[in-house]
Amino acid sequence: MTGDELALQQVNCHRGATAEMPCMFCLNVKSKRSIDVLHDRAGYFVLVTCVDCDKFKFHSDVTIRKIAFELRDRSSVETKKGMETLQKQLGFSYIPNSTLLCPVLNYKPATLTVFDWMHCFLVDGVFNITVGQTMAVASTLGVSYNSMGSFVATWSWPRRLTQKGAIGKDLFKPSRIATWRKEEKFKCSASEALSLYPVMAAFLQMESTRLGLAENPAFTVFYLCCDVLDHLLCIPRGTCTPEGLAEAIVSFLRLYKLVFGEKHWTPKFHSILHLPRMLAEHKVIIPCFVTERKHKEGKRIAGYLRNTSVDFERSLLEDITSNHLHALHDFVAKPRICSGITRCSETLLAQLQASFPDAISLQVGRRAKFNQFNETEVGDIVLAQIGDHVVAAEIFGAIVADGAVFFLVSKLRRISSERRLSKWQRFGQELCLLEGVSILGPCVHRNDGDVVVVIRCV
Ligand SMILES: [Zn+2]
């Protein structure tokens, strides 16, 4: 079970991240304001800003449910004030008939609840604060949000993201920048943050080279934050291990604390320390991107319903269901052509027949899904793994021959390669076929004449 902070708090009767005991999974973690740690000579309690995971004492299903039953029993004998103090100390609230108290359900709060990394990082979260703090330091070096905005504007994102409007290119407006500076926090939607972070990292790398800053600690904190996001994005592909994730998170948080201190540290910084353990336990942790999108769809449809006096919920549910069925009509998880073309030139047809002489079925299109996660289309620049080499190529068409996806591409020649950036040169117009399975993914890119600068994305 996952969700935003409020949802998890309500289901588990936890008092929330702003309470005295800010974490529902930790027995001994106290809020930043707590003075108990000062009196605690045994060293049992730790503050929410602690990054030493060995010091945390974890709740189990039994301890959380025990608290719920204890609160229920005490509620009949304690005064209102007494109850309030008790709930504050324990970090949980007494809610009659809550899921925790259900004798039939045998609900397991600690085992079943998983923090949503999207909300922790990208919704007023760790990423937004880290960007704000990094840019506050950067501004003292003459690196501003304005120059970042100008840099961001020169890049092109894969068409699929551009169509969804989730790239955040237009975010850098003067009024917004003023707010970000004032609050020392970068504000954007979760999808925009995902699209922007590799470009922001490339920008800071470019600026530090320009300014001759070999290792700026504030910039390094941001790069480490990007590394954590890289790890999290690899989870669905099964290439992120709990150990690797833990190492990335701890290195990031340690340096963050050292460089920026604890002033802007929120409980979400502590929450992300639980993610590796959750990943180890459940093998996968699912972010709420899809549920948030669906939530938006419900809100969009509800906006059109003016007459709410009769069967409002039913009308809404009917519309949502029919919309969803319509979306499913076009849904196939396996590789396929997503956007076909109705006409194909004689030359191309002859070439295809020559390339696939034994094919029973041939489909040609502008856009195709090349694996279960991703698709690409004409105009995109992709990185592909061919043997031991990574190559970049520009997409000119998609072909499905007897179920196998190929792309008609123009390969690029590598000029240079840095950590996230690589430069490639266009040469000739010759097109060749690239197998869909070899494609690593479409990239963010920028054209500098014949040179294509590519940013590696997960
Ligand atoms: Zn915790």
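This briefing walks through the fold, the cores, one helix pair and a few single residues of the structure above. Keep in mind that the model is predicted. The protein has 458 residues, and 34% of them count as buried. Its secondary structure consists of 18 helices and 15 strands.

**Overall layout**

- Along its principal axes, the C-alpha trace spans about 85 × 60 × 45 Å.
- The domain assignment splits the protein into domain 1 (2-115), domain 2 (118-282) and domain 3 (336-455).
- If you look for the C-alpha centres of domain 1 and domain 3, you will find them 52 Å apart.
- Contacts between residues 24 or more positions apart make up 66% of the contacts in the protein with a separation of 6 or more.

**The nonpolar cores**

- A helpful background idea is that nonpolar side chains tend to be buried together in soluble globular proteins.
- Here, the largest nonpolar core has 88 residues. Those with the most contacts inside this core are Phe121, Phe127, Tyr197, Met200, Cys225 and Ile249.
- Helix H11 (residues 190-211) supplies the largest share of this core, with eleven residues.
- Both domain 2 (118-282) and domain 3 (336-455) contribute to this core, with at least three residues from each.
- Another core, of ten residues, lies apart from this one. Leu90, Phe92, Leu100 and Tyr107 are among the members of that other core.
- Back in the largest core, you can pick out Tyr197 as one of the residues with the most contacts inside it. Leaving aside residues up to four places away in sequence, Tyr197 touches Phe127, Cys226 and Leu229.

**Helices H8 and H11**

- Helix H8 (residues 145-153) packs against H11 at an angle of about 115°, and the two axes are 10 Å apart.
- The crossing of these two helices, H8 and H11, is right-handed.
- On the H8 side, the meeting residues are Met148, Phe151 and Val152. On the H11 side, they are Leu196, Val199, Met200 and Phe203.
- Sorted by class, the contact of H8 with H11 has seven nonpolar residues, no polar ones and no charged ones.
- Met200 is worth finding on screen: this residue is among those with the most contacts inside the largest core, and it also takes part in the meeting of H11 with H8.

**Glutamate 192, a buried residue**

- Glutamate 192 sits in helix H11.
- Why does glutamate 192 count as buried? Glutamate 192 is placed in that class because it has 20 C-beta neighbours inside 10 Å.
- Not counting residues up to four places away in sequence, glutamate 192 touches Ala166, Ile167, Gly168 and Leu171.
- Glycine 168 and glutamate 192 are 24 residues apart along the chain, yet their C-alpha atoms are separated by 4.7 Å.

**Two loop residues with positive phi**

- Lysine 283 belongs to the loop between helix H15 (275-282) and helix H16 (289-304). Its phi is near 70°, a positive value in a residue other than glycine.
- Is lysine 283 buried or exposed? Lysine 283 has 10 other C-beta atoms within 10 Å, so it is exposed.
- Aspartate 311 belongs to the loop between H16 and helix H17 (312-329). Although aspartate 311 is not a glycine, it has a positive phi of about 45°.
- Aspartate 311 is exposed because 11 other C-beta atoms lie within 10 Å, and the cut-off for exposed is 12 or fewer.

How values were computed
Residues are numbered from 1 along each chain as its sequence is written. This is a predicted model: local features need pLDDT of at least 70, side-chain atom pairs count only at pLDDT 80 or more; totals for chains, interfaces and linings use all residues. Helices (H or I, at least four residues) and strands (E, at least two) are DSSP runs, numbered from the N terminus. Two residues are in contact if their C-beta atoms, placed from the backbone, lie within 7 Å. A nonpolar core is a set of buried Ala, Val, Leu, Ile, Met, Phe, Trp, Tyr and Cys residues joined through C-beta atoms within 7 Å. Domain bounds come from an automatic or database domain assignment. Axes are lines fitted to C-alpha atoms, for helices over the stretch in contact, and angles run from 0 to 180 degrees between N-to-C directions. A crossing is left-handed if the near helix is turned anticlockwise from the far one by less than a right angle, and right-handed if clockwise. Ala, Val, Leu, Ile, Met, Phe, Trp, Tyr, Cys and Pro count as nonpolar, Asp, Glu, Lys and Arg as charged, and the others, Gly among them, as polar.
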